[in-house]
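Grab the viewer and work through the exercises below at your own pace. Each one sets a task and then walks through a solution.

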Amino acid sequence: MFFDCFKPFYILRLVRGEEIISSLRFFVEKKKIPSGILWGIGAVKNAEIGYFDDKKKEYLKKKFKKSLEILSLSGSISLIENKPYIHLHCVLGDEKLKGFGGHLFSGITSATAEIYIYTLKRKIYRKKDEEEPFFLLHLKKILKKEEL
């Protein structure tokens with residue numbers, strides 16, 4: 001991995017063979033980034049992406065062994081029990097120029113990946129939700145519809 005810093009931005013270049021999620025988690029831990037927003041482009045193989053089935057309350061996952069273009073990668077950096085959580089969604093494209101996407105569970109960089117991180121100074125936490133099978137963003141302020 002290569003990187004440069006232009007506060008409050010980091011620019012990363014992942015190299016062929018790096019696992020995307022674990023590489024980002026490693027970087028965030030080493031640089032002590034409390035939270036942030038990220039996006040990127042590049043290429044990936046062995047990508048596992050998923051779609052959340054709201055009725056079944058579970059992800060339907062699919063793995064793609066071949067190399068695909070990362071047309072769009074976007075997500076957030078937050079904390080679950082004081083450990084970095086990388087939440088990514090992606091749109092991937094194939095050799096027929098068809099696109100598909102979902103939640104990115106894993107993927108190995110093929111060729112390269114360019115990732116941009118906008119760092120936030122405050123820590124943003126996630127907490128296990130009582131109804132949904134997720135750790136949702138724990139935000140303090142509430143805005144009621146009638147306050148709009």
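**Exercise 1. Decide whether Tyr59 is buried, partly exposed or exposed, then find what Tyr59 touches.**

Keep in mind that this is a predicted model.

Step 1. Start with the accessibility: Tyr59 has a relative accessible area of 27%. Buried would need under 20% and exposed over 50%, so Tyr59 lands in the partly exposed class.

Step 2. Place the residue. Tyr59 sits in strand β4, which covers residues 58–64.

Step 3. List the contacts, skipping anything up to four places away in sequence. That leaves Gly50, Tyr51, Phe52, His103, Phe105 and Phe134.

Step 4. Pick one partner and check the distance. His103 is 44 residues away from Tyr59 along the chain, and their C-alpha atoms are 8.9 Å apart.

**Exercise 2. Work out the order of helices and strands along the chain.**

Step 1. Count the elements: there is one helix, and there are nine strands.

Step 2. Put them in sequence order, and you get β-β-α-β-β-β-β-β-β-β.

**Exercise 3. Find which residues of the largest nonpolar core touch the most other members, and which elements feed that core.**

Step 1. The core has 26 residues, and the ones that touch the most other members are Ile20, Leu88 and Ile115.

Step 2. Now the suppliers. At least two residues each come from β2 (9–15), α1 (20–31), β3 (35–53), β5 (68–80), β6 (83–93) and β7 (99–120).

Step 3. Look for the largest share: α1 provides it, with five residues.

Step 4. Zoom in on Ile20. Beyond its neighbours within four places in sequence, Ile20 contacts Leu14, Val44, Ile70, Leu88, Leu104, Gly107, Thr109 and Ile115. Two of these partners, Leu88 and Ile115, turned up in Step 1 as well.

**Exercise 4. Compare where Glu69 and Ser110 sit, and say how covered each one is.**

Step 1. Glu69 belongs to strand β5, while Ser110 belongs to strand β7.

Step 2. Check the cover. Glu69 has 47% relative accessible area, so it counts as partly exposed. Ser110 comes in at 5%, which makes this serine buried.

Step 3. Take the contacts of Glu69, leaving out neighbours within four places in sequence: Gly42, Ala43, Val91, Leu92 and Gly93.

Step 4. Do likewise for Ser110, and you find Arg16, Ala43, Val44, Lys45 and Ser67. Ala43 is on the list for Glu69 and on the list for Ser110.

Step 5. Set sequence distance against spatial distance. Glu69 and Phe52 are 17 residues apart in sequence, with 22 Å between their C-alpha atoms. Ser110 and Gly42 are 68 residues apart along the chain, with 8.0 Å between theirs.

**Exercise 5. Track down the backbone oddities at Pro8, Glu81 and Ala111.**

Step 1. Go to the peptide bond between Lys7 and Pro8: this bond is cis, with omega at about 5 degrees. Pro8 is in the loop linking β1 (2–6) to β2.

Step 2. Next, look at phi for Glu81. The value is positive, about 50 degrees, even though Glu81 isn't a glycine. Glu81 is in the loop between β5 and β6, and with 68% relative accessible area this residue is exposed.

Step 3. Ala111 isn't a glycine either, yet phi is positive here at about 70 degrees. Ala111 lies in strand β7 and is partly exposed at 43% relative accessibility.

**Exercise 6. Check whether the radius of gyration of the chain agrees with that of a compact globule.**

Step 1. For 148 residues, a compact globule should come out near 15 Å.

Step 2. The chain has 16 Å, so the two agree.

Step 3. Add the outline: along the principal axes, the C-alpha atoms fill a box of roughly 50 × 40 × 30 Å.

Step 4. Look at burial and surface. Of the 148 residues, 36% are buried. The accessible surface is about 9900 Å², with 56% of that belonging to carbon and sulfur atoms.

Step 5. Turn to contacts with a separation of 6 or more: 62% of them link residues 24 or more positions apart.

Step 6. Finish with the charges. The chain carries 29 positive and 19 negative ones, and their mean positions lie 5 Å apart.

Key
Residues numbered from 1 in each chain as written. Predicted model: local features only at pLDDT ≥ 70, side-chain atom pairs only at ≥ 80, totals over all residues. Heavy atoms only, no water. Core = buried A, V, L, I, M, F, W, Y, C linked by side-chain atoms within 4.5 Å. Buried < 20%, exposed > 50% of the residue type's maximum accessible area, 1.4 Å probe, protein only. Helix = DSSP H or I, 4+ residues; strand = E, 2+ residues; numbered from the N terminus. Contact = heavy atoms within 4.5 Å. Rg over C-alpha atoms; globule rule 2.2 N^0.38 Å. Areas by Shrake-Rupley, 256 points an atom, 1.4 Å probe, with all protein chains shown as cover. Lys, Arg positive; Asp, Glu negative; His and termini not counted. Charge placed at Lys NZ, Arg CZ, Asp CG, Glu CD.
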